[in-house]
Amino acid sequence: MPEPDDGHAGLGRDSLVVALGRPQGPGAPLNVGLTPNSTYRFGGEVGYGRDGNPGWAALETALGALDGGDAVVFASGMAAVAAVLETLPADALVACSRVAYHGVRVLMKEREQGGRLRVRLVDAHDVDAVAAACEGASLLWLETPLNPLIELVDVAALSAAAHAEGAAVLVDSTFATPLRQRPLEQGADLVLHSATKFIGGHADLLLGVVVTRDRDRRDELVHRRASDGATPGVLEAFLALRGLRTMAVRLDRAEQTAGDLARRLAAHPAVTRVRYPGLPDDPGYELARRQMSGPGSMLAFETVGDADSADGVCERVELITSATSLGGVETLLERRARYAGDAEAGTPPTLIRLSVGIENVEDLWRDLEQALAPLRH
Ligand code: PLP
């Protein structure tokens with residue numbers, strides 16, 4: 001079911017985010033209402049609150065169509081990650097990109113220590129190394145752009161390599177959103193998003209989603225959600241769909257600002273490196289042009305000095321908020337090597353990840369300039 005089949009075929013993606021997942025028919029409300037129920041009268045499709053909810057269904061219709069598959073929503077991105085891992089057979093081998101969201105790496109390590117899975121970490125930039133790591137593996141776990149280095153990996157090439165070894169491929173596409181990247185079309189079997197980020201877009205909810213074209217995988221994920229109780233809140237699903245309505249305009253604006261800030265940061269004397277796949281000299285530039293329909297609104301930069309110098313930048317920002325997370329209307333920044341897991345994975349000590357929001361670009365630049373100013377001397 002790659003394209004929506006309810007009269008929306010042929011629409012632009014910026015129309016789809018507005019139109020999908022709405023009740024139809026004369027007198028229907030425009031939005032699916034909140035249905036906070038734990039149980040239902042016998043005789044219907046859903047008997048209990050863990051099995052389904054009209055709000056989840058509306059959100060799944062929209063997110064599934066955007067990524068070109070069937071969507072299953074979960075209580076958070078991590079609940080979605082855990083559900084996928086739980087569908088694997090006991091002692092299954094997972095080949096996982098060495099750089100990935102640290103929560104995912106921690107969860108994999110714990111599953112490995114508990115004897116549930118075996119994990120092989122691999123440099124996902126190296127297709128031959130990935131092919132070798134996929135020997136005997138059930139799943140290849142990829143993320144692109146990678147958190148927090150904002151590097152890209154080649155979904156088509158890596159999917160082909162994994163499939164040749166019999167491994168399925170998952171792409172965590174959180175940083176790209178379904179509007180900038182469609183991994184299922186590039187060969188992936190599963191795509192995952194932390195909908196907490198760009199899809200919700202307002203830093204007011206936690207939610208995750210997995211999209212696949214394989215009905216059996218979808219059914220297994222629905223079963224896991226119900227069995228493990230990894231169910232999204234009714235309000236969260238409502239807010240995520242409301243957030244989705246404006247994702248195209250939010251992302252267009254934030255991406256334009258991100259490009260502008262990336263160029264200005266690259267010319268700043270206190271900045272030693274900018275990582276943004278929209279910059280022509282970025283190592284991910286060519287791949288971004290092939291694989292993504294835009295470079296997105298996540299960037300990272302490294303500063304002169306040491307970790308304390310970069311921490312000072314994070315402390316001095318005023319309009320920008322020093323906080324973790326990303327993908328909301330508000331610009332956030334954080335020094336990622338503050339987390340032991342990211343430092344161990346080789347994140348440069350002064351790397352500051354910037355999630356660009358929708359504020360005025362000149363206001364954001366003034367804020368960055370004043371925060372960077374003491375580092376010039
Ligand atoms: N995947 C990526 C790339 C993330 O950045 C995050 C959270 O930051 C997650 C997954 C986990 O999502 P959540 O925080 O919604 O559980």
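How far does a polar side-chain atom of Ser 194 lie from an oxygen atom of the ligand? In this predicted model, the separation is 2.8 Å. A second oxygen contact of the ligand involves Lys 197, where an N or O atom of the side chain is 2.9 Å from an oxygen atom of the ligand. A nitrogen atom of the ligand is also contacted, with a polar side-chain atom of Asp 172 at 2.6 Å. On its own the ligand has 390 Å² of accessible area, and the protein covers 92% of this.

The surroundings of the ligand include further residues. Ser 76, Gly 77, Met 78 and Tyr 101 are among them, as are Glu 143, Asn 147, Thr 174, Phe 175 and Thr 196. By residue type, the shell around the ligand consists of three nonpolar, six polar and three charged residues. The space that the ligand takes up is the second largest pocket.

Aromatic rings were examined separately. A pair of such rings is described by the distance of the centres and the angle of the planes. The search of the whole structure found zero aromatic pairs. One ring does, however, have a charged group over it: the charged end of Arg 338 sits over the ring of Tyr 339, at 5.8 Å from the ring centre.

Terms used:
Residues are numbered from 1 along each chain as its sequence is written. This is a predicted model: local features need pLDDT of at least 70, side-chain atom pairs count only at pLDDT 80 or more; totals for chains, interfaces and linings use all residues. Side-chain values use heavy atoms; hydrogens and water are left out. Rings of Phe, Tyr and Trp (its six-membered ring) pair if their centres lie within 6.5 Å; planes under 30 degrees apart count as stacked, over 60 as edge-to-face and the rest as tilted. A charge sits over a ring if NZ of Lys or CZ of Arg is within 6 Å of the ring centre and within 35 degrees of the ring normal. A residue is near a molecule or strand if one of its heavy atoms lies within 4 Å of it. A polar contact is a pair of N or O atoms within 3.5 Å; within protein, one must be able to donate a hydrogen and the other to accept it, and residues adjacent in sequence count only if both atoms are side-chain atoms. Accessible areas come from the Shrake-Rupley method with a 1.4 Å probe; for residues, only the protein chains shown count as cover. On a 1 Å grid over the protein atoms alone, a cavity is a set of points where a 1.4 Å probe fits but cannot get out, and a pocket is an open set with protein on both sides within 12 Å along at least five of seven lines; lining residues have an atom within 4 Å of a point. A molecule sits in a cavity or pocket if more than half of its atoms lie within 2 Å of its grid points. Ala, Val, Leu, Ile, Met, Phe, Trp, Tyr, Cys and Pro count as nonpolar, Asp, Glu, Lys and Arg as charged, and the others, Gly among them, as polar.
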